[in-house]
Amino acid sequence: MSVGDNLFTDIEAGANSGLDSLLILTGYSTREEAARHHVQPTHITDDLREWQLRISL
């Protein structure tokens, strides 16, 4: 899985490598930008704490 806050580097790198991706909304890219971006992240989370709670359920 590719994890990061930048659609143009982290998420595109994951897609180009055939990996799922997790966009974390604590940095560069926003949810609105992700909705319009040509490469969609597999998952989006506000922060890593939220993601950790989601996957532990």
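Accessible areas here come from the Shrake-Rupley method with a 1.4 Å probe, and for residues only the protein chains shown count as cover. By that method the accessible surface of the protein chain comes to about 3800 Å², of which 51% belongs to carbon and sulfur atoms.

Before you start clicking: this is a predicted model, in which local features need pLDDT of at least 70 and side-chain atom pairs count only at pLDDT 80 or more, while totals for chains, interfaces and linings use all residues. Residues are numbered from 1 along each chain as its sequence is written, and side-chain values use heavy atoms, with hydrogens and water left out.

**Stop 1: the whole chain.** Switch to a cartoon view. You should find 3 helices and 3 strands, in the order β-α-β-α-β-α along the sequence. Helices (H or I, at least four residues) and strands (E, at least two) are DSSP runs, numbered from the N terminus. The C-alpha atoms fill a box of roughly 30 × 25 × 15 Å along the principal axes. A compact globule of 57 residues would have a radius of gyration near 10 Å, and the chain's 11 Å agrees with that; the radius is taken over C-alpha atoms, and the globule rule is 2.2 Å times the number of residues to the power 0.38.

**Stop 2: helix H1.** Select residues 7-16, then show Leu7, Ile11, Glu12 and Gly14, which are buried. Buried means under 20% relative accessible area, exposed over 50%, and partly exposed in between (1.4 Å probe, protein chains only). Why do they lie on the same side of H1? They cover an arc of only 155° around the axis, where the arc is that of the directions from the helix axis to the C-beta atoms. Add strand S1 (2-4), strand S2 (21-24) and helix H2 (31-36) to see what these buried residues pack against. Just after H1, stop at Gly18, which takes a positive phi of about 80°.

**Stop 3: Asn6.** Step back to the loop between S1 and H1, where Asn6 is found. Asn6 counts as buried, at 14% relative accessibility. Asn6 caps the N-terminal end of H1, with a side-chain oxygen 2.7 Å from the backbone nitrogen of Phe8. A polar atom of the Asn6 side chain also lies 3.3 Å from the backbone nitrogen of Thr9. Now measure to Ser29: it is 23 residues from Asn6 in sequence, yet the C-alpha atoms are 5.3 Å apart.

**Stop 4: the nonpolar core.** Select Leu7, Ile11, Leu23, Ala34 and Val39, the 5 residues of the largest nonpolar core. Such a core is a set of buried Ala, Val, Leu, Ile, Met, Phe, Trp, Tyr and Cys residues joined through side-chain atoms within 4.5 Å. Centre on Ile11: beyond four places in sequence, the residues it touches include Gly4, Ser21, Leu22 and Pro41. Contact means heavy atoms within 4.5 Å.

**Stop 5: His37.** Which loop holds His37? His37 lies in the one between H2 and strand S3 (43-45). At 10% relative accessibility, His37 is buried. Leaving aside neighbours within four places in sequence, His37 is in contact with Leu7, Phe8 and Glu12.

**Stop 6: Trp51.** Finish in helix H3 (residues 48-56), where you will find Trp51. Trp51 counts as buried, at 14% relative accessibility. With neighbours within four places in sequence set aside, its contacts are Met1, Leu22, His43 and Thr45. For a last distance, pick His38: it is 13 residues from Trp51 in sequence and 23 Å away, C-alpha to C-alpha.

Notes. Polar contact = N/O pair within 3.5 Å; in protein donor to acceptor, adjacent residues only side chain to side chain.
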